[in-house]
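Biologist: I would like to learn how to read a structure like this one. Could we take it feature by feature?

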Amino acid sequence: MGSLKNALRRVIKTDFLKNKHEDCANFDDGTCKFFHFTNLDPKGQACPHFKAKEKT
Ligand code: SF4
């Protein structure tokens with residue numbers, strides 16, 4: 001039945017595909033605080049651990 005697939009689609013968020021590192025709360029001045037990457041391209045494709053910045 002298709003309902004399992006639909007349920008998985010809701011659980012696995014794909015929002016990160018539309019985002020860039022620079023929009024991620026873990027991104028700070030070229031560095032990813034989550035993975036401890038440095039020299040990241042701010043315009044690069046976000047990863048599945050993308051976390052939207054909270055609006056202040
Ligand atoms: S999208 Fe992923 S790699 Fe990029 S800053 Fe966020 S957590 Fe790090």
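**Reading the model**

Modeller: Start with the ligand. By class, the shell around it holds nine nonpolar residues, three polar ones and no charged ones. Keep in mind throughout that this is a predicted model.

Biologist: Which residues are around the ligand?

Modeller: The list runs His 21, Cys 24, Asn 26, Phe 27, Cys 32, Phe 34, Phe 35, Phe 37, Ala 46, Cys 47, His 49 and Phe 50.

Biologist: How many helices and strands are there in the protein, and in what order do they run from the N terminus?

Modeller: The protein has one helix and two strands. Read from the N terminus, the order is α-β-β. Helix 1 covers 3-11 and strand 1 covers 27-28, while strand 2 covers 31-32.

Biologist: Next, burial. How much of the protein is made up of buried residues?

Modeller: A residue is called buried if 20 or more other C-beta atoms lie within 10 Å of its own, and exposed if there are 12 or fewer. By that count, buried residues make up 9% of the 56 residues in the protein.

Biologist: Take His 49, from the ligand shell. Is His 49 buried or exposed?

Modeller: His 49 counts as exposed, because it has 11 C-beta neighbours inside 10 Å. His 49 sits in the segment after strand 2. Its C-alpha atom is 9.0 Å from that of Cys 24, and the two residues are 25 apart along the chain. Both His 49 and Cys 24 are among the residues around the ligand.

Biologist: What about Pro 48?

Modeller: Pro 48 also lies in the segment after strand 2. With 10 other C-beta atoms within 10 Å, Pro 48 is exposed. Pro 48 and Thr 14 are 34 residues apart in sequence, but their C-alpha atoms are 7.6 Å apart in space.

Biologist: What share of the contacts joins residues 24 or more positions apart?

Modeller: Among contacts with a separation of 6 or more, 43% are between residues 24 or more positions apart.

Biologist: Asn 26 is in the shell too. Where is Asn 26 placed, and which residues is Asn 26 in contact with, leaving aside neighbours within four places in sequence?

Modeller: Asn 26 is in the loop between helix 1 and strand 1. Apart from those neighbours, Asn 26 is in contact with Cys 32, Lys 33, Phe 34 and Lys 51. Asn 26 has 18 C-beta neighbours inside 10 Å, so it counts as partly exposed. From Asn 26 to Lys 53 the C-alpha distance is 8.2 Å, across 27 residues of sequence.

Biologist: Last, backbone angles. What sign does phi have in most residues?

Modeller: Most residues other than glycine have a negative phi. His 36 is not a glycine, yet its phi is positive, about 60°. Asn 39 has a positive phi as well, near 55°.

Biologist: Where are His 36 and Asn 39 placed, and why do they count as exposed?

Modeller: His 36 is in the segment after strand 2, and Asn 39 is found there too. His 36 counts as exposed because it has 8 C-beta neighbours inside 10 Å. Asn 39 has 7 such neighbours, so Asn 39 is exposed as well.

Conventions
Residues numbered from 1 in each chain as written. Predicted model: local features only at pLDDT ≥ 70, side-chain atom pairs only at ≥ 80, totals over all residues. Near = placed C-beta within 6 Å. Nonpolar A, V, L, I, M, F, W, Y, C, P; charged D, E, K, R; others polar. Helix = DSSP H or I, 4+ residues; strand = E, 2+ residues; numbered from the N terminus. Contact = placed C-beta atoms within 7 Å.
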